[in-house]
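The following note is offered to a colleague meeting this structure for the first time. It takes up the ligand site and then one of the sheets.

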Amino acid sequence: MRTPLLILPLATMLATSCTTKTPQLGTDPIDDVIAAMTLEEKAAFVVGTERMKVTPPDRAPGMPVREPFSDELKAKLAQCKDSAEAYDMMIATSLVQGKVAGSAGQHYALPRLGIEPIVYADGPAGLRIDPVRKDEPGEFYCTAFPVGATLAASWDVDLVKEVTTAMGNEVLEYGADVLLAPAINIHRTPLCGRNFEYYSEDPVLAGKIASAYIQGIQSNGVGVSLKHFAVNNQETCRNGVDARLSERALREIYLKGFEIAVKEADPWTIMSSYNKVNGTLASENHHLLTEILRDDWGFGGFVMTDWWAEENGARQIAAGNDLQMPGTVRQLDDIINGVKDGSLDEKLLDESVRRIMKVMLRCPTYHHYAYSNQPDLEAHAKVTRQAATDGMVLLKNDAKTLPLKSQPSTLNIKVALFGTASYDLLVGGSGSGNVNRNYKVSLDEGLKNAGVQLDETLAKTYSDYTDAELAKQPKENFWTIPVAPEMPLSKQQVKAALAQSDIAIMTLSRMAGEGGDRKEVKGDYLLSDLELANLRLVCSEAHAVGKKVVLILNMGNIIDLAPVVDLPDAILHAWMGGQEMGNSLADVLTGKVNPSGKLPMTWAMKYSDYSSAKNFPESDGDASYARYEEDVMVGYRHFTTQGIKVLYPFGYGLSYTTFEYDDMQVKKQGDAYEVTVTIKNTGNVAGREVAQLYVGKPKAEGYLMPAQELKAFAKTSLLQPGESQQLTLTIKREDLSTWIEDNNEWGILSGEYRLMVAANANDVKAEKTITIK
Ligand code: BGC
């Protein structure tokens, strides 16, 4: 383990020599420690250690351009004496090596006060640290678990808890304290580059999955940082784009998931986002960080900035943003000068220090946890293999094309495997959410592991091509994950492969990641000409000889599928499923696991049908802001209210079996409504079903009221053929509330509320009405 280079500031040394006993964090009361701190130490404590670096340039138009660390500032620092000299020394510590190599950031150490740095690392699909270290033997690989959208598509809170219990164990065993996850921003548009990390277009699904995620991680005695708070729904101009929206859309859609997660799961920390919300940067937004988060929801942890988000460090502290990560010298300057010139009340700074210290004392570092650097990666591989299957969504399965074993040659099935992605699956997105895993299983390997034969001639052509294409590209790094382009197919090649095979499988993939949004262009949201040509060719040749085609989608988001939806016989949305994805896919394709995922977003007929399309990523041709004109009508709220036809509705997903919904009952239990429904497996194989409870609120003058809003959901256990299970879906009275703009508060409208039990947003199975006076 590397020992951090610690340089004691001069002021610190002076203070040490004239104090008999300096209060120590962890031993003495926090308030005593704070009382013993100099202003510079407090400022150093709330600003991370990376102070020499510069702010990245992608700021929204109109935002001040931040100069790199300037000569003027350097000169100023050079003249500092005493406490100011300490300030200078602090800057020198920006060269300190992190305790855990490759982690995202850590605190400044203040040994005089017993303050040890705690370590923050990404998230969210697993722990992100350097897998090998220059000065330390051994390997430090982490498990790449399924991405956020895959977890959300499972609609399975128990599974999510199981995944994150394993993930949190890696955080603990590799010596980190806080995982920078989960990320739960709303899928306002299918084009957001980070949707793969995020969960859903619906805040209840996002909030419940996040709660489970947080509980699993924190059960290990390490913390999370729930992010990005808030309204961070795009990557274009993310460092400052102004999200302009109504207070109602803010409360009901964009904050609701955070509210659920904060109230149910008590995250240790929250990360504010880069963007502005109604004109004020999220990290300087008192309304968000203090009035709502703390005063209203009772959040007891601390808030940190997203990396390099800064305009004014003193304003961030005053707004309730306690920690500035990874820290810039300007933020130190702002805070110290702010207190000195009276524009920042030192009590607020003390409060930030206090909040951070409280969390620190819960961290493994403060319990001197002897981490092993050897988590049980084999056990975690099993967890991720199963988890990825749980999120896969079967979109189409004509004439029981899947599972493969129902094909004629059951024991000896042979597959013609098309698509470069089949030979190099994309198991996670790029950016801070990418995990340094030590392997990934491709689909050809997964199928072979499952005993499925491949047409070897085709497989060899594809793997050689894929390897050669990948070799031309830079190695995987933070921003880029190499993707092999599609391989042109000839008619003869396809015919030959099909002649040797029982069925064709083709995988199409899309990479996306932090720092950029997707576009409605060919090869991105739209299929490329080559993808289209290959798919058409394989489908027509296969059908001509009476063979079927399965299309697998390997992406953290969706693409324009409507133009080709009729071509293949089956379509499986497999998302990005973590390092075991090839095995997980084989489990589903062969029927070892019956798919039970459902869509966490609506799949529209075309991009322009999404209600945000006109205002994404900007409004009025001005990239500095995006008007959320659609208000609360996001995703299915828009489609169901307007009656717009969709390709696949929110909450949709097929199974290899069928289910019947029966006996819906509503019981009032104190302040809550308990809705029960009995689900029966009416097919021939075991399976699981997700039931959803939507509420249609009464109409109220002047209010855009969505036709339905998800309020609860539940997933059955594995039901054998003929087996039934009663599910309970609970709605609390407050879940029925609406944000009343005129009063600026939540209120419950009187009238009739429709309670709908549904298999998806467009398939209501039973409904009852309750009246609220
Ligand atoms: C991302 C965060 C991440 C942080 C630290 C930022 O660029 O937006 O999600 O946690 O970096 O890596």
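1. In this predicted model, an oxygen atom of the ligand lies 2.7 Å from a polar side-chain atom of Asp306. Two further side chains offer an N or O atom to an oxygen atom of the ligand: that of Asp122 at 2.4 Å and that of Lys227 at 2.9 Å. On its own the ligand has 310 Å² of accessible area, and the protein covers 93% of this.

2. The surroundings of the ligand comprise 13 residues, of which Asp122, Arg194, His228, Asp306 and Glu514 come nearest. By character, the shell holds six charged, five nonpolar and two polar residues.

3. Attention may now turn to the sheet. It is open and consists of six strands with mixed pairing, arranged in the order S10-S15-S14-S13-S11-S12. Strand S10 (393-397) and strand S12 (453-454) are at the edges; each has a single partner strand, so one side of each is left without a neighbour in the sheet.

4. At the S12 edge, the pairing with strand S11 (residues 414-418) is parallel and runs over two bridges. Lys414 is placed opposite Gln453, a residue of S12.

5. Helix H21 (residues 581-589) packs on this sheet, where it touches strand S13 (503-509), strand S14 (548-554) and strand S15 (570-573). The direction of helix H21 makes about 145° with that of S14.

Technical notes: Residues are numbered from 1 along each chain as its sequence is written. This is a predicted model: local features need pLDDT of at least 70, side-chain atom pairs count only at pLDDT 80 or more; totals for chains, interfaces and linings use all residues. Side-chain values use heavy atoms; hydrogens and water are left out. A residue is near a molecule or strand if one of its heavy atoms lies within 4 Å of it. A polar contact is a pair of N or O atoms within 3.5 Å; within protein, one must be able to donate a hydrogen and the other to accept it, and residues adjacent in sequence count only if both atoms are side-chain atoms. Accessible areas come from the Shrake-Rupley method with a 1.4 Å probe; for residues, only the protein chains shown count as cover. Ala, Val, Leu, Ile, Met, Phe, Trp, Tyr, Cys and Pro count as nonpolar, Asp, Glu, Lys and Arg as charged, and the others, Gly among them, as polar. Two strands pair if DSSP finds at least two bridges between them. Helices (H or I, at least four residues) and strands (E, at least two) are DSSP runs, numbered from the N terminus. Contact means heavy atoms within 4.5 Å. Axes are lines fitted to C-alpha atoms, for helices over the stretch in contact, and angles run from 0 to 180 degrees between N-to-C directions.
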